[in-house]
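Trainee: I would like a close look at a single part of this model. Please pick one helix and walk me through its surroundings.

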Amino acid sequence: MFQKSISRSRWRAWVQPWLEFDWLLFILPIGLTLFGGIMIRSTELNLGWTEWWQHWLVGGIGLLLAVSLARWQYDTLIQLKWVIYGLTNISLLAVMFIGTTALGAQRWITIGGFNIQPSEFAKLGLIITLAALLHERTPDSLGSIFKTLAITAVPWALVFLQPDLGTSLVFGAITLGMLYWGNTNPGWLILMISPLVATLLFSLYLPGWFAWTGLIALIGWRTLPWPFLGALGTVVMNLIFGRVGSLLWNLLKDYQKERLTTFLTPEKDPLGAGYHLIQSRIAIGSGGLHGRGLYNGTQTQLNFIPEQHTDFIFSAIGEEFGFIGSMVVLVSFWLICLRLVLVAQNAKDTFGALLAIGVLSMIVFQVVVNIGMTIGLAPVTGIPLPWLSYGRSALLTNFIALGLVESVAYHREKVKKKF
């Protein structure tokens, strides 16, 4: 009996820590990764590529890293924030000098025959840095807001110059999401995005620009420390950005311009910039309710959609598994996001909560934009679908981020049971 008691105690001591994990937050990404490998195999069935098993291999490595990080004390990263921030910017600078160019952009560094994309890991570096800064100082003043934006601006600019428009937009979403959770005035967040909206409206719909400027002036009057100067400043800012919109537009590469505008009327260039979107909508529409079945999608198997195993993997899912399969994927992402919010709410400190919200902002933005561009509701920006699209750096980044969030969940304040 004594030996049995000892063995039970040892068994409980080994099992108990694993019970503290948020297992749904582990199971759902694992399921998406396995399903992603199956869909990648479907898109390359007639080409003989090997990305599908590489996707599973890298996913397995990422899972091991996530499990290792899950029991690690995540708050030690606070002391390493500037080291992480420095390494993030150095890696992005290295791309500009020794990077490999492909598909019109210089985004990868080749190490040992493998292409590594530092901009993917930079997302996580930015999340950790901002979480540490906002943990130390609440972003409830203009000074702290400007400091946060200045910290974000450096890696954002380095990524934008690669050029990688999609990832630079993800940086913006991460920053806004973390500032909102950090108790920043919501009106200030609207003021931050107002120049972008003003630039678009000034060129596309001038009456809309006047209405938007009036709204922004009201927000500036109500939220900024000096009401009159705040309102006047927002009007001037919208006017300036409206005027320089054409200059900013000319800074974009030709393919970026096409991606930003073609989704509105892809039929104008059906064999060029609009080809991806048209074929993607045909694939998803032909799937119907139940789909054509795995390996039976005509658009997918006949390779009508280039690079379908990366940015347009959702179109293959829609064609071969239909509306039901697409909804299963969407519900899986919704549950992941729900768990991230719950982890943030139950975190033992602000730093852990901000880590979870940063990851949430990254995942939500990528899912919305990726799926939106496959059905014609968003421009084609080259943003991968988390855990489903092929991309080794992106997949590792997502699993490492998952591990840090699991660490936040594992080290949350435990509620003591009363007997």
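Mentor: What follows is a tour of helix H16 and the parts around it. Keep in mind that this is a predicted model.

Start with the helix itself. H16 covers residues 350-374, 25 residues in total. From its first C-alpha to its last it reaches 36 Å. That is close to the 36 Å expected at 1.5 Å a residue. Is H16 enclosed or open to the outside? Of its 25 residues, 21 are buried, so H16 is largely enclosed by the rest of the structure. Just after the helix comes Gly376, with a positive phi of about 90°.

Now the core. The largest nonpolar core has 88 residues. H16 gives the largest share of this core, 13 residues. Phe333 and Leu388 have the most contacts inside the core. A second core, separate from that one, has 6 residues. Among them are Ile305, Phe312, Met373 and Ala378. As background, nonpolar side chains tend to be buried together in soluble globular proteins.

Next, a packing partner. Helix H5, residues 118-136, packs with H16 at an angle of about 145°. Their axes are 8 Å apart. The crossing of H5 past H16 is right-handed. Which residues make the contact between H5 and H16? On the H5 side they are Lys123, Ile127, Ile128, Ala131, Ala132, Leu134 and His135. On the H16 side they are Thr350, Phe351, Leu354, Leu355, Gly358, Val359, Met362 and Gln366.

Leu77 ties into this contact. Leu77 sits in the loop between helix H3 (51-70) and H4. Its relative accessibility is 6%, so Leu77 counts as buried. Leu77 touches Ile128 and Phe351, as well as Trp72, Ile84 and Leu404; that list leaves out residues up to four places away in sequence. Ile128 belongs to the H5 side of the contact and Phe351 to the H16 side. Ala132 of H5 also takes part in that contact. Leu77 and Ala132 are 55 residues apart in sequence, yet 7.8 Å apart in space, C-alpha to C-alpha.

Follow the chain from that loop into helix H4, residues 81-98. The axes of H4 and helix H6, residues 142-160, come within 9 Å. They cross at roughly 25°, which is under the 35 degrees cut-off, so H4 and H6 are roughly parallel to each other. This crossing is left-handed. H4 brings Trp82, Tyr85, Asn89, Leu92, Leu93 and Met96 to the contact. H6 brings Ala150, Ile151, Val154, Pro155, Leu158 and Val159.

Back to the far end of H16. The loop between H16 and helix H17 (392-410) holds Trp387. Phi of Trp387 is near 70°, a positive value in a residue other than glycine. Is Trp387 buried or exposed? Its relative accessibility is 3%, so Trp387 counts as buried.

Then comes Leu388, one of the two core residues with the most contacts. Leaving out residues up to four places away in sequence, Leu388 touches Leu32, Phe35, Gly36, Ile40, His55, Ile313, Ile317, Val329 and Phe333. Phe333 is the other residue with the most contacts inside the core.

Finally, compare Tyr295. Its phi is also near 70°, again positive in a residue other than glycine. Tyr295 lies in the loop between helix H13 (275-286) and helix H14 (298-301). Tyr295 has a relative accessible area of 34%, so it is partly exposed, whereas Trp387 is buried.

Terms used
Residues numbered from 1 in each chain as written. Predicted model: local features only at pLDDT ≥ 70, side-chain atom pairs only at ≥ 80, totals over all residues. Heavy atoms only, no water. Helix = DSSP H or I, 4+ residues; strand = E, 2+ residues; numbered from the N terminus. Expected span 1.5 Å × (residues − 1). Buried < 20%, exposed > 50% of the residue type's maximum accessible area, 1.4 Å probe, protein only. Core = buried A, V, L, I, M, F, W, Y, C linked by side-chain atoms within 4.5 Å. Contact = heavy atoms within 4.5 Å. Axes fitted to C-alpha atoms, helices over the stretch in contact; angles between N-to-C directions. Parallel < 35°, antiparallel > 145°, perpendicular 65-115°, else oblique. Left-handed = near helix turned anticlockwise from the far one by under 90°.
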